[in-house]
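Please read this report with the model open beside you. Find each residue as it is named.

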Amino acid sequence: MDVSRLIDSLNEKQREAVAAPPGDMLVLAGAGSGKTRVLVHRMAWLMEVEGISPFGILAVTFTNKAAREMRARVEKLMHSSLQGMWIGTFHGLAHRLLRTHYEEARLPENFQILDSDDQYRLIRRVLKALNLDEKHWAPKPIQWYINGNKDEGLRAQHIETHGDPAQQRMKEIYQAYQDTCDRSGLVDFAELLLRAHELWVNHPRVLQHYQQRFRAVLVDEFQDTNNIQYAWLRLLASPNNNMMIVGDDDQSIYGWRGANVDNIQHFLRDFDGAQTIRLEQNYRSTGKILKAANAVIENNQSRLGKELWTDGVDGEPISLYAGFNDLDEARFIVAQIRQWHDKGGALSDCAVLYRNNAQSRVLEEAMLHEGLAYRIYGGLRFFERQEIKDALGYLRMINQSLDDAAFERVVNTPSRGIGERTLEQIRETAKVTEQSLWQTSLQMLQEKRLSGRAANALQGFVDLIFRLQQDSLELALEQQAEDVIKGSGLYAMYQAEKGEKAQARIENLEELVTACKQFEMPEEAENMTPLSAFLAHASLEAGESQADSHQDAVQMMTMHSAKGLEFPLVLIGGVEEGMFPSQMSAEEPGRLEEERRLCYVGMTRAMEKLVITYAESRRLYGQEKYHTPSRFLREIPTDCIEEIRLRNTQVSRPVQNRFAPATSHSAFDSTGFSLGQRVVHPKFGEGTVLNYEGSGEHARVQVNFSEVGNKWLVLSYARLTPA
Ligand code: ATP
Ligand code: MG
């Protein structure tokens, strides 16, 4: 048997882990040290050398994407397809178990899964049924409460309320919600895990079956498991099987969602005799990138402590760019990608990472303007998001109240007591009279064809739209947007929810106001009002389908979704105090450390080149804010950084077209130069292009020459050549 291919491409420590004799093992190592690679090779080793069949292997990863990749990699190593092998996320695996053992789990055969939005809606229905006012019992915190308890393995009856009436009420809501789920055969995400756990606790025979079946259990990204997941793994452990746990405490970034990094310690406590292997060689990133990332994470107090080194090339320094504002920053990012692409680099090798989804809008627009295909991971494109579509729905009603789709979208969002029956009546009548839903509503109100309550509710909506229309006559576009967001009750609706997701929605709504403020009328919109031009712009952008999966496209995602991935070129935007770390986490040491780990995750995604940007001013969430560079930037050693722009130049926000002046295709078209490029001047010698302004004959470029320092040169006279 030739197993050399399973270990040839590994270093000594990695081999030790892959070829270890049966036993429990913890692989604790920093980013890019080959943890996932070790896990994949170990699976192959277990099958080939230990003779474990694919049926005997259970592997857990963090995302479905990672699970698919892992399967493909093992299959490639084994030269065969591995059908019976269980590879998936905790949720996916729990789901599979429950499907198989639905009877023991006391579920109907065709039970349905509730996603987070469904769960939220169901909670609202339960509140209504209990006659509880959402103003006092906001659904979002209740959703957190329910899921948080489930993550800890707690059913309502297990919760001790110590006679506190509010606690008692929460407990009742939890119970009522669960009863409804059980009656209707509904299972939410947290329930999947809890049910699967209970299945094993209550049915030792079922558990035994899996203990015997799975001789090897392997878990990647272990630092982000929560308590119920860990409890589930512990149940599965038996003398018959072994665990391989792989993780990095420095990359624990889901604490806010209940993940518990202490599980690493718990594992060592609970699995007596488990071997710990540390990997210290990094194969992913250049020396400069690694040094910078190591220096940043060193500022955290609570660490298990690891060092990473590489014997790869030192590589280019990290490019740091200070944008004048967010538009300038986006322009720079896009220009960098364009440059990479022009040199033959694939777009799919570039990742743009950011802290919040709301940051993607300006970047998306810059990409579209530059004609670069992009794909957004783990999130919708800006104009496709629910709350944005809601707000646009109102704007469309103001613009053109005959818009039935917009009517349907907003007539009862936020809820104003217009029931499905009333709507059905309106639709039916509209069908007969062949008029819009809006006209039909007006008519039915006039003719008093609706019952008192329904009529009042509908009248409220009609009055609102009339009022917003009236207001809009005098308001600038961004004020119209603001008027709509506030006046419609959308803002208040999300504000009442509190919670992470609601907060994100509010931020997106505010971002819509910014989008309106920054909107500039395109030439072809000569005869349109700003509002209709903007709406056309928004639907064109939303209609622009995401690059399909075969197309070469830039990858855009939050740093959270980038975990475990790697890209030759990584660009991180918005690295400013108040953004990253966020305002809230900057004030709390524990959360600040989690932000710093997130920064470490972001930086260590880069293989060859890392670009970091920040903006001195940013219009985000509807306001212009001035930020200082993130403290994380100060933690990077200066010899790892190359600053791209000097501080003393001033470029104003372009009036005509936001993205035109500085993209590499305007002033630089004829010359082929771009920001950051090395150039040679016959008299001044070699230097780096820092900035440019104007176009055509008047285009000027700023170059930082090694010999003579900074100079502004008129491009048409300067006789610059690429270095
Ligand atoms: P993360 O913490 O980000 O999940 P990781 O520790 O799981 O990182 P991998 O993704 O397994 O790291 O490996 C990082 C990169 O290094 C991959 O491209 C992998 O193929 C490569 N690599 C790992 N070990 C070796 C090795 N011994 N020789 C060559 N390349 C290696
Ligand atoms: Mg990994």
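The text below covers the nonpolar cores, some helices and a few unusual backbone spots. This is a predicted model.

## The cores

Start inside. The largest nonpolar core has 150 residues. Val 27, Met 43, Cys 350 and Val 352 have the most contacts inside it. Another core lies apart from it and has 42 residues. Among them are Ile 398, Val 410, Met 444 and Tyr 491. A general tendency is worth recalling here: in soluble globular proteins, nonpolar side chains tend to be buried together.

Now pick out Val 352. Which residues is Val 352 in contact with, leaving aside its neighbours within four places in sequence? They are Ile 333, Leu 363, Val 554, Met 556, Leu 571 and Gly 573.

## Two helices and their cover

Helix α12 spans residues 263–270. Its buried residues are Asn 263, Ile 264 and Phe 267. These cover an arc of only 110 degrees around the axis, which puts them on the same side of α12. Gln 265 and Arg 269 are exposed on the other side of α12. A general rule helps here: an α-helix has 3.6 residues a turn, so residues three or four places apart point the same way. What covers the buried residues of α12? The cover includes β1 (25–29), α11 (227–236) and β7 (242–247).

Helix α13 (residues 287–297) is mostly covered. How many of its 11 residues are buried? The count is 9. The buried residues of α13 are Lys 288, Ile 289, Leu 290, Lys 291, Ala 292, Ala 293, Asn 294, Val 296 and Ile 297. Both strands and helices take part in covering them, including β9 (318–325), α26 (589–603), β14 (606–620) and α27 (631–634).

## Two helix pairs

Next, look at how helices pack. Take α5 (residues 90–100) and α9 (residues 189–202). They pack at an angle of about 55 degrees, and their axes are 9 Å apart. That angle makes α5 oblique to α9. The crossing of α5 past α9 is left-handed. On the α5 side, the contact is made by Phe 90, His 91, Ala 94, His 95, Leu 97 and Leu 98. On the α9 side, Phe 189, Leu 192, Leu 193, Arg 195, Ala 196 and Leu 199 make it.

The second pair is α16 (residues 386–399) and α21 (residues 477–487). Here the packing angle is about 115 degrees, with the axes 10 Å apart. Angles of 65 to 115 degrees count as roughly perpendicular. Therefore α16 and α21 are roughly perpendicular to each other. α16 passes α21 in a right-handed crossing. From α16, Ala 391, Tyr 394, Leu 395 and Ile 398 make the contact. From α21, the residues are Ala 481, Val 484 and Ile 485. Ile 398 has also appeared above, as one of the residues in the core of 42.

## Unusual backbone spots

First, a general point. Most residues other than glycine have a negative phi, and most peptide bonds are trans. The table lists exceptions.

| Site | Feature | Value |
|---|---|---|
| Thr 413 to Pro 414 | cis peptide bond | omega about -5 degrees |
| Phe 580 to Pro 581 | cis peptide bond | omega near 5 degrees |
| His 79 | positive phi | phi near 55 degrees |
| Arg 106 | positive phi | phi near 55 degrees |

Where do these residues sit? Pro 414 lies in the loop between α17 (404–410) and α18 (420–433). Pro 581 is in the loop between β13 (567–572) and α25 (583–586). His 79 belongs to the loop between α4 (64–78) and β3 (86–88). Arg 106 is in the loop between α5 and β4 (112–114).

Is His 79 buried or exposed? His 79 counts as exposed, because it has 8 C-beta neighbours inside 10 Å. Arg 106 has 13 such neighbours inside 10 Å, so it counts as partly exposed.

## One buried tyrosine

End with Tyr 177, in helix α8 (residues 165–184). Tyr 177 counts as buried because it has 24 C-beta neighbours inside 10 Å. The cut-off for buried is 20 or more. Leaving aside its neighbours within four places in sequence, Tyr 177 is in contact with Leu 122, Ile 123, Val 126 and Ile 146. Glu 577 is 400 residues away from Tyr 177 along the chain. In space, their C-alpha atoms are separated by 41 Å.

Note on methods. Residues are numbered from 1 along each chain as its sequence is written. Chains are lettered from A and ligands numbered from 1 in the order in which they are written. This is a predicted model: local features need pLDDT of at least 70, side-chain atom pairs count only at pLDDT 80 or more; totals for chains, interfaces and linings use all residues. A residue is buried if 20 or more other C-beta atoms lie within 10 Å of its own, exposed if 12 or fewer, and partly exposed in between; C-beta atoms are placed from the backbone. Helices (H or I, at least four residues) and strands (E, at least two) are DSSP runs, numbered from the N terminus. The arc is that of the directions from the helix axis to the C-beta atoms. Two residues are in contact if their C-beta atoms, placed from the backbone, lie within 7 Å. A nonpolar core is a set of buried Ala, Val, Leu, Ile, Met, Phe, Trp, Tyr and Cys residues joined through C-beta atoms within 7 Å. Axes are lines fitted to C-alpha atoms, for helices over the stretch in contact, and angles run from 0 to 180 degrees between N-to-C directions. Angles under 35 degrees count as roughly parallel, over 145 as roughly antiparallel, 65 to 115 as roughly perpendicular and the rest as oblique. A crossing is left-handed if the near helix is turned anticlockwise from the far one by less than a right angle, and right-handed if clockwise.
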